[in-house]
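Subject: Handing over a structure, with notes on what is in it

Dear colleague,

I am passing on the structure below, and I would be glad if you could keep it open while you read the notes that follow.

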Amino acid sequence: LQSRDIVTVREIPDWNREDTISIRGAVLFPGTYVISPGDTISSVIERAGGLTDLAFPEGAIFNRVVIARREAERAQAFAADIRQTYASRLLTEETTSTGLQEVLLITEQLETFEGQGRLLIDLHAALSGNAESDYEVEDGDELIIPRSSDTVSVVGEVRQPGTHIFQAGLSVEDYISLSAGVTKRSDESAIYIVRANGSVTTLDSSWWLFSDAGMQTLRPGDSIV
């Protein structure tokens, strides 16, 4: 610098010291970080020291307050719709097999429902420079990065629900066999897979009739329902 120079330090527009994001799990420095406009998933992970060697990015969970609030509002609207439909049937003397107490119980559960606000993300893509996957973060966001998972779970109408060590090459049918097969109550045409990141993959056909469906590619952390 020289004599009579002027140094101006401007404030970041719309910056709020109270806007934060919580980062938990397999990062070097978990914690709560102050964010400013333009901060993205990759930038806050970089500030948290990056992922650890044990991180399982495929299973990352990203929760957003606004989405959770929207889910709760939709549940409340659904409850109101159920009450209105039931009342309309009573007024028009339509036959209904559902009693008032059942309706009240269902609507009460919907009205007290708390949304999770989970937003499905592709953390690998976000950290690899894919701008479309690298979402801008907002106040109240929560990012949870679990440790590596090498298992596949089988739940629902199987004789022995449980979790198995992932083995490359095993099909949906193989893992169901490891769980002692399906029960008599199972709907085998409606089997689906929940990926580690929360996305769902459906089987277009019954796995016992069409080998392509049975050989649906499975990944560590998947759950077969």
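Which residues of the largest nonpolar core touch the most other members? Among the 18 residues of that core, they are Ile41 and Ile145. Before I say more about the core, please bear in mind that this is a predicted model, and that everything below is computed from it.

The chain as a whole

The protein chain has 225 residues, of which 32% are buried, and its secondary structure consists of six helices and nine strands. When contacts between residues at least 6 apart in sequence are considered, 62% of them join residues at least 24 apart. The accessible surface of the chain is about 14,600 Å², and carbon and sulfur atoms account for 50% of that surface.

The two cores

To return to the largest nonpolar core, the elements that contribute two or more residues to it are strand 1, helix 1 (41-47) and strand 4. Helix 1 gives the most, with three residues. Ile41 has contacts that include Phe62, Ile121, Leu123 and Leu143, and it also touches Ser133, Asp134, Tyr135 and Val137, where residues up to four places away in sequence are not counted. A second core, separate from this one, has 12 residues, among them Val158, Val172, Tyr175 and Ile193.

Strands and their partners

Strand 1, which gives residues to the largest core, pairs with two other strands that I would look at together. With strand 2 (residues 31-34) it runs antiparallel, the two being joined by four bridges, and Ile23 stands opposite Gly31 in strand 2. These two strands form a hairpin, with five residues between them. With strand 4, on the other hand, strand 1 runs parallel, again joined by four bridges, and here Arg24 stands opposite Ile144 in strand 4. As general background, strands of a sheet pair through backbone hydrogen bonds, either parallel or antiparallel.

Elsewhere in the chain, five strands form an open sheet with mixed pairing, in the order 6-5-9-7-8. Strand 6 (162-165) and strand 8 (200-202) stand at its edges and have a single partner strand each, so one side of each is left without a neighbour in the sheet. Within this sheet, strand 7 (residues 192-194) and strand 9 (residues 223-224) pair in the antiparallel sense over two bridges. Ile193 stands opposite Ile224 in strand 9, and Ile193 is also one of the residues of the second core.

Salt bridges

How many salt bridges does the count come to? It comes to five, and three of the residues involved, Arg64, Glu138 and Asp141, are linked in a network. In one part of this network the side chains of Glu138 and Arg64 meet at 3.6 Å, N to O. Glu138 lies in the loop between helix 4 (123-127) and strand 4 (142-145), whereas Arg64 lies in the loop between strand 3 (61-63) and helix 2 (65-91), so the pair ties together parts that are 74 residues apart in sequence. In the other part, Asp141 forms a salt bridge with Arg64, with the closest N and O atoms 2.8 Å apart. Asp141 lies in the loop between helix 4 and strand 4, so its pairing with Arg64 ties together parts that are 77 residues apart in sequence.

The members of the network differ in their exposure: Arg64 is buried, with a relative accessible area of 11%, and Asp141 counts as buried at 1%, whereas Glu138 is partly exposed at 35%. A further salt bridge joins the side chains of Arg47 and Asp39, at 3.4 Å from N to O. Of that pair, Arg47 is partly exposed, with a relative accessible area of 40%, while Asp39 counts as buried at 13%.

A patch on the surface

Finally, Leu1, Val7 and Val9 form a nonpolar patch on the surface, and together they have about 420 Å² of accessible area. Val7 is placed in the segment before strand 1 (20-25), and it is exposed, with a relative accessible area of 59%.

With best wishes

Definitions and conventions
Residues are numbered from 1 along each chain as its sequence is written. This is a predicted model: local features need pLDDT of at least 70, side-chain atom pairs count only at pLDDT 80 or more; totals for chains, interfaces and linings use all residues. Side-chain values use heavy atoms; hydrogens and water are left out. Buried means under 20% relative accessible area, exposed over 50%, partly exposed in between (1.4 Å probe, protein chains only). Contact means heavy atoms within 4.5 Å. Accessible areas come from the Shrake-Rupley method with a 1.4 Å probe; for residues, only the protein chains shown count as cover. A salt bridge is a side-chain nitrogen of Lys or Arg within 4 Å of a carboxyl oxygen of Asp or Glu. Two strands pair if DSSP finds at least two bridges between them. Patches are made of residues with over 30% relative accessible area and no salt bridge: like charges are joined within 9 Å, nonpolar side chains (Val, Leu, Ile, Met, Phe, Trp, Tyr) within 5 Å. A nonpolar core is a set of buried Ala, Val, Leu, Ile, Met, Phe, Trp, Tyr and Cys residues joined through side-chain atoms within 4.5 Å.
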